[in-house]
Amino acid sequence: GVTAQLLATDEGGPDWYRFQHPLTAEALLAELTPVDRADLSRRAADAVAAAHPGVPGEWCPLVAKLRLEAGDELAAARLYTEAGRRAMAEGGGGSAVVLLERAEQLVSATGDVRNRADVLEALLYALAEAGRVERAFELAKTLPSHAAGLDPARLTTLHTRLAWAAMLAGRAADGAEQVAAARELAGPDAGDDVTAQLDAVAAYLAMDTGSGPERLRETETLARRAAEAAERVPLPSTACQAWFAVGTVARERDLAEAGAIFEHMRELAERHGQSIWRLYALIGLGGNAWLDRADTSVLRETERDALRAGAVTLAYNFSGILGLDSVLRGDFQAAAEKLTEVQAWARRLQSGSVGRYARMAMAT
């Protein structure tokens, strides 16, 4: 193959080769019958799975593609779901949505209710973090037709995910409705794994909808309860989510206390590979440095990290803060440019909280 200039040695290591041109591979595949192609795909997927147990990294979506070409749609959907969850944990919201939507299409076609719920659980969360809240609510409308085949615990989780999406979009009433539905399904004897997730989302809703000191007290009570329960389970993602709310409230009375909470959250996120929550911890630490010393270096660096990771909602949170920083420094032209961009994004993706912050900064 190398002599005929169809193949070339590859940088992957010894005994690795690549096609000289993509059309060569397409021409060879066109020669195969559908049965032969499915058989080769199945054998290739088996070989990769044997050589790389757990199919880490890029092997996971590759094996998913091979399983799909082999005709095993359910196995492909499970692998795309796992690849999407991993991308989400690493902060890649955009990549996670692509992978999980592929999985959702596959399980919808099979009519497998239980596996579709697995996919939706991850997809609703990814869509919320990627700023595609309307898509999350569109998917939620399909839940009733499938609810009969699901146990209450699974439905509780799905309602909780949707409540979080609503909170990020500034739709507090929708979020409260979803939390109420989840609590009713969970019942009074729900375990820490369920109550921690519910209390964490409820804490953020309390922060958005309450008023005065009572609002902060309720937020902190719910968030601390959620964080402690989540660390017992353990649910590191939920623990980080809750600690961020605790740190936000603590900042109102003591920057040092808030800093310690955000630092604990950062360590927890790094220990459990929760890259998206590491970014949240850094927005807390960076916000503290800005409030305390007018230091924006952490905010600017983390804004770039969030954009690279595809965490769009978070990136524009950083942009809004940096826009207000420009206002307070008297650099109104730079502030107007940045805040106009943030407002446009918030309108396009209907992110209520980011939009409100940008309008406040523009008014200032």
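Contact here means heavy atoms within 4.5 Å. The structure on display is a predicted model.

**First stop: alanine 45**

Select helix H2, residues 34-51, and locate alanine 45 within this helix. Alanine 45 has a relative accessible area of 0% and is therefore buried. Next, display Val63, Leu66 and Arg67: these are the residues in contact with alanine 45 once its neighbours within four places in sequence are left aside. Then add leucine 68, which lies 23 residues from alanine 45 along the chain. A distance drawn between the C-alpha atoms of alanine 45 and leucine 68 should read 9.9 Å.

**Second stop: glutamate 101**

Proceed to helix H5, residues 93-110, where glutamate 101 is found. Is the residue glutamate 101 buried or exposed? Its relative accessibility is 16%, and because buried means under 20%, glutamate 101 counts as buried. Show the side chains of Leu123, Leu127, Arg132 and Arg135; glutamate 101 touches these four residues, not counting those up to four places away in sequence.

**Third stop: helices H13 and H15**

Select residues 236-250 for helix H13 and residues 275-293 for helix H15. The two axes come within 10 Å and cross at roughly 15°, so H13 is roughly parallel to H15. The crossing of H13 past H15 is left-handed. To view the contact, display Ser237, Cys240, Gln241 and Phe244 on H13, together with Trp277, Tyr280, Ile283 and Gly284 on H15. Colouring the contact by residue class should show 5 nonpolar and 3 polar residues, with no charged residues.

Technical notes
Residues are numbered from 1 along each chain as its sequence is written. This is a predicted model: local features need pLDDT of at least 70, side-chain atom pairs count only at pLDDT 80 or more; totals for chains, interfaces and linings use all residues. Side-chain values use heavy atoms; hydrogens and water are left out. Helices (H or I, at least four residues) and strands (E, at least two) are DSSP runs, numbered from the N terminus. Buried means under 20% relative accessible area, exposed over 50%, partly exposed in between (1.4 Å probe, protein chains only). Axes are lines fitted to C-alpha atoms, for helices over the stretch in contact, and angles run from 0 to 180 degrees between N-to-C directions. Angles under 35 degrees count as roughly parallel, over 145 as roughly antiparallel, 65 to 115 as roughly perpendicular and the rest as oblique. A crossing is left-handed if the near helix is turned anticlockwise from the far one by less than a right angle, and right-handed if clockwise. Ala, Val, Leu, Ile, Met, Phe, Trp, Tyr, Cys and Pro count as nonpolar, Asp, Glu, Lys and Arg as charged, and the others, Gly among them, as polar.
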